[in-house]
Amino acid sequence: MRLLVTGGAGYVGSVVAAQLLEAGHEVVVLDDESTGHADGVPAGADYVRGTIRDDAANVLAEGIDAVLHFAAKSLVGESVAKPGLYWSHNLGGTLALLEAMRRTGVGSIVFSSTAAVYGEPERVPVEETDPARPTSPYGASKLAVDETLHEYANLNGLAAVSLRYFNVAGAYRSAGDRWLSERHSPETHLIPNVLAIALAASGDPAVAASGKTELKIFGDDYPTPDGTCVRDYIHVADLARAHLLALGACTPGEHRVYNLGNGTGFSNREVLTVCREVTGLDIPARTAPRRDGDPAVLVASSAHIHQDLGWKAELDLRSMVADAWSAVCAAAG
Ligand code: UFG
């Protein structure tokens, strides 16, 4: 198949693009490089630098069988500060894409949704049918897209699958031995922050000078066994594999929604311990005040996608940290 991957220069999009190429598909990446990196686009993909709003229609018109849609703004804190930006990019951009798909007769889409649609869940593990009550414009904008896909499936016969990711981590070694990894700016996620501090602790003077020398653990008074937040981590390679299965399951007139996680929770302190073990470094850390909007516990039930598509996470937290650390070390030379 010839596939359009929007946001394919970003973290998850680039890994999915790499796996699609490895599976023998043709891939066109469309990315505006607002948060992605051109050097993240896997070798073998065609690359168009542009926006979904202005440029998707032209790419689709050249002949595309299906779309995998990652292009989005994805920082919870930024979304609270700039909600308009999130509604405009995430919902507005996707509406433009869906209309372009309708006009060009491209009928299938796999969408990068998020656990943030659930907000503060009433129970864990979270199932897809549990109430979606997002607590940030980021989560709300992604939920709005999920709902829009449902409408397009019902009214226009679109084939759509929304994949709701829990905490994605790890890195993927693509063809040519290149690591595709998380490179956000600013970086807000736990594991990349811990590993940046580990690199500083390993004595890299450039990193030590950047000021990230001690991990702040946001809150230790949550109702969890060690007081720190608990999250469900999923390896980006496992996550990407689910997209290929979802693509094969696209059915006209159907919108499916699947959670993607490991089904096991790790506290922030447990993550730090695994990072210390994998790197062999004594990574400095201290407790800091809670970060606004963090739910205490987020753990996915992925029973639904297991049942329907046979998908199951295979890689554990240790391999996520080990791969992310290999990518960090490779980038640092
Ligand atoms: N954390 C720290 N120190 C840091 C960074 C993070 O203690 O330097 C903590 C956070 O407070 C949280 C945990 O580590 O308790 C995980 O935080 P991340 O930022 O890595 O991930 P989130 O759980 O906040 O984010 C995930 C997804 C988002 C989604 C969100 C929904 O990455 O896309 O869950 O709550 F929106």
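Okay, one definition before anything else: when I say buried, I mean a residue with under 20% relative accessible area. And please keep in mind that this is a predicted model.

Let's use that word straight away on helix α8, residues 236-249. Ten of its 14 residues are buried, so α8 is largely enclosed by the rest of the structure. If you want to find them on screen, they are Val236, Ala237, Asp238, Leu239, Ala240, Ala242, His243, Ala246, Leu247 and Ala249. The length of α8 works out too: at 1.5 Å a residue it should span 20 Å, and its end C-alpha atoms are indeed 20 Å apart.

So what is α8 sitting on? Now the sheet. There are seven strands in an open sheet, and the order goes β3-β2-β1-β4-β5-β6-β13, with parallel pairing. At the edges you have β3, residues 46-49, and β13, residues 255-260; each has a single partner strand, so one side of each is left without a neighbour in the sheet. On average, neighbouring strands are turned by 20 degrees against each other, ignoring direction.

Being at the edge doesn't leave β13 out in the open, by the way. Five of its six residues are buried, so β13 is largely enclosed by the rest of the structure. Its link to β6 is six bridges, with the two strands running parallel. One to look at there is Arg164, whose bridge partner in β13 is Asn259.

On the other side of β6 comes β5. Seven bridges join β5, residues 108-114, to β6, residues 159-165, again parallel. Here Thr114 has Tyr165 as its bridge partner in β6. Back to α8 for a second: this helix packs on the sheet and touches β1, β4, β5, β6 and β13, and its direction makes about 160 degrees with that of β6.

Another helix to rotate into view is α2, residues 52-61. It lies across β1, β2, β3 and β4, at about 160 degrees to β2.

While we're in β5, take a look at Ser112. Buried or exposed? Buried: its relative accessible area is 8%, against that 20% cut-off. Leaving aside residues up to four places away in sequence, Ser112 touches His69, Phe70, Lys142, Leu163 and Tyr165.

Next, rings. How many aromatic pairs does a search of the whole structure find? Two. The one I'd show you is Tyr86 with Tyr138, an edge-to-face pair at 6.3 Å centre to centre, with 90 degrees between the planes. Tyr86 is in helix α4 and Tyr138 is in helix α5, so the pair ties together parts that are 52 residues apart in sequence. Both tyrosines are buried. Elsewhere, Arg290 lies over the face of Tyr222, at 3.9 Å from the ring centre.

Last stop, helix α11, residues 317-332. Its 16 residues should span 22 Å, and the end C-alpha atoms are 22 Å apart, so that agrees. The buried residues of α11 are Leu317, Ser319, Met320, Val321, Ala324, Trp325 and Ala327. What covers them? The cover includes strands β7, β9, β12 and β14 along with helices α6 and α9. And just after α11, Gly333 takes a positive phi of about 80 degrees.

That's my tour. Questions?

Note on methods:
Residues are numbered from 1 along each chain as its sequence is written. This is a predicted model: local features need pLDDT of at least 70, side-chain atom pairs count only at pLDDT 80 or more; totals for chains, interfaces and linings use all residues. Side-chain values use heavy atoms; hydrogens and water are left out. Two strands pair if DSSP finds at least two bridges between them. Helices (H or I, at least four residues) and strands (E, at least two) are DSSP runs, numbered from the N terminus. Axes are lines fitted to C-alpha atoms, for helices over the stretch in contact, and angles run from 0 to 180 degrees between N-to-C directions. Contact means heavy atoms within 4.5 Å. Rings of Phe, Tyr and Trp (its six-membered ring) pair if their centres lie within 6.5 Å; planes under 30 degrees apart count as stacked, over 60 as edge-to-face and the rest as tilted. Buried means under 20% relative accessible area, exposed over 50%, partly exposed in between (1.4 Å probe, protein chains only). A charge sits over a ring if NZ of Lys or CZ of Arg is within 6 Å of the ring centre and within 35 degrees of the ring normal. The expected span of a helix is 1.5 Å times one less than its number of residues.
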